[in-house]
Amino acid sequence: MLTLAEMAVEVLTTADGRAKTALSHAHAARWRAARAAGAPLAIGQANPPQRPARPEKPDLLDPREVPRRRPGSPLGRIALLHAVAHIELNAVDLHWDIIARFTDTPMPLGFYDDWVQAADDESKHFNLLCDCLEAMGSHYGAMPAHAFMWQAAEDTASDLLGRLAVVPMVLEARGLDVTPGMIALFTQAKETQAIAALNTIYAEEVAHVAYGSKWFNWLCGRAGDDPKEIFHALVRKYFHGNLKPPFNEEKRAEAGLPPDFYWPLVDQA
Ligand SMILES: [Fe+2]
Ligand SMILES: [Fe+2]
C-alpha cells in the first residue's frame, strides 16, 4: 500500500497531462475511500522532485516571448484557454507537492484532505480545458506556455507558511480576481463549453484559497503569531512584485481573505 507522500511523488513524476491528472484523480479517490472507511492511509515520507515532470510539448518560454494574441479573436480565445490549462496542470503539481514536501511538519489529517481535494479539482479543471481546446481544433501543447510557473514552489520549498501565503493566498486568489472577466469574454463569443468549464473552475477555486487561509491561520495560531503580519512579511519575501487591484473582494472574503491582508501589499506609487 502506497503512502500519501508516495502517491504524491508518483503524480509529480508523471509527465503527460492526461496521464498525470488521471493518476491524480485515482489517488485522490484512494485517499478518500480509506478516510471514509476509517482507515486513513499513512502520510509517510518521500522525496518530491525539485520540479515536476512535464510533457515534451508545450515549449516553455520566458513569458515575454510568448506571442500575444487579440483576446477577441478565435485564436486569441484558444490561446487564453491554453494558458489557463497550463496553470491548472501546474496547480495539480503544486497541490501534490505541498502534500509531499512538508511531511516533517506534523499536520492534522484535514490538511491532507483539503490538498487532495484541491489536486483532484485541478485535475478536473485541466481536463475540462483540454476538452474545450480539442473541441476548438487545438490541444494542450499546441502553443508555447509560461516557463516560470514553478518558481513560487521552488522559492518556498523549505517554508510551509511561505508556500501557503504565496500559492493559494496570492496566486490562486488572483485567479478569483480575473476569472469573471474571462467568463464575460467567452460569454460574448457564445462559447458554451468554455463558459461551463470556467464557471466550474471559478466555483471550485474559492475553496482552494480558503484551504490556504485556513491552514495559514491555523499554523500561525499554533505558533502564537499574528497571521496578518506574518502574511505581509512572507509575501514581501517570496513574491516578486506587488499585488494588483481590482480585487474580487467578495470572493476573497468568502475564502477567508480579509482586505487588510492584501491591500497593504499593493504598490502605493
Ligand atoms: Fe483550478
Ligand atoms: Fe486551485
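These legends walk through several close-up views of a predicted model.

**View 1. The iron ion (ligand 2) and its protein donors.**
Start with the metal site. Which residues supply the protein donors of the iron ion (ligand 2)? They are Glu122, Glu172, Glu205 and His208, where the glutamates give OE atoms and the histidine gives ND1. Glu205 appears twice in the donor list, and the donors lie 1.9 to 2.7 Å from the ion. Along the sequence, the donor residues follow the spacing E-x49-E-x32-E-x2-H. Look also for the iron ion (ligand 1): Glu122 bridges it and the iron ion (ligand 2), and the two ions are 3.8 Å apart.

**View 2. Glu205 and His208 on helix H7.**
Now follow two of those donor residues into their helix. Why are Glu205 and His208 separated by about one helical turn? The reason is that they sit 3 residues apart in helix H7, which covers residues 192–223. Are these two side chains' residues buried or exposed? Residues count as buried when their relative accessible area is under 20%. Glu205 has a relative accessibility of 9%, so it is buried, and His208, at 0%, is buried too.

**View 3. Helix H7 meets helix H8.**
Stay with H7 and look at where it meets H8, residues 227–238. The axes of the two helices come within 9 Å and cross at roughly 115°, and therefore H7 and H8 are roughly perpendicular to each other. H7 passes H8 in a right-handed crossing. On the H7 side, the contact is made by Phe216, Asn217 and Cys220; on the H8 side, by Pro227, Ile230, Phe231 and Leu234.

**View 4. Helix H3 beside helix H6.**
Here is another helix pair to compare. The axes of H3 (residues 74–101) and H6 (residues 160–188) come within 12 Å, crossing at roughly 155°. Because of that angle, H3 is roughly antiparallel to H6. H3 passes H6 in a left-handed crossing. Many residues make the contact, including Leu80, Leu81, Val84 and His95 of H3 and Leu164, Val167, Glu172 and Met182 of H6. You have already met Glu172 as a donor residue of the iron ion (ligand 2). How many residues of H3 are buried? The helix is mostly covered, with 22 of its 28 residues buried. From first C-alpha to last, H3 reaches 40 Å, close to the 40 Å expected at 1.5 Å a residue.

**View 5. Helix H4 and what follows it.**
H4 runs from residue 109 to residue 135 and has 27 residues. Its first and last C-alpha atoms are 39 Å apart, close to the 39 Å expected at 1.5 Å a residue. After H4 comes Gly137, which has a positive phi near 85°.

**View 6. Buried Ala28 and Thr103.**
Finish with two residues in quite ordinary-looking spots. Ala28 lies in helix H2, residues 17–36, and is buried, with a relative accessible area of 0%. Beyond its neighbours within four places in sequence, Ala28 is in contact with Trp96, Val116 and Asp120. Its C-alpha atom is separated by 9.2 Å from that of Leu4, a residue 24 places away along the chain. Where does Thr103 lie? Thr103 is found in the loop between H3 and H4, and with a relative accessible area of 18% it is buried. Not counting residues up to four places away in sequence, Thr103 touches Ala5, Ile43, Gly44, Gln45 and Tyr112.

Conventions:
Residues are numbered from 1 along each chain as its sequence is written. Chains are lettered from A and ligands numbered from 1 in the order in which they are written. This is a predicted model: local features need pLDDT of at least 70, side-chain atom pairs count only at pLDDT 80 or more; totals for chains, interfaces and linings use all residues. Side-chain values use heavy atoms; hydrogens and water are left out. Helices (H or I, at least four residues) and strands (E, at least two) are DSSP runs, numbered from the N terminus. The expected span of a helix is 1.5 Å times one less than its number of residues. Donors are N, O and S atoms within 2.8 Å of the metal (3.2 Å for Na, K and Ca); water is not among the atoms, so sites may look incomplete. Buried means under 20% relative accessible area, exposed over 50%, partly exposed in between (1.4 Å probe, protein chains only). Axes are lines fitted to C-alpha atoms, for helices over the stretch in contact, and angles run from 0 to 180 degrees between N-to-C directions. Angles under 35 degrees count as roughly parallel, over 145 as roughly antiparallel, 65 to 115 as roughly perpendicular and the rest as oblique. A crossing is left-handed if the near helix is turned anticlockwise from the far one by less than a right angle, and right-handed if clockwise. Contact means heavy atoms within 4.5 Å.
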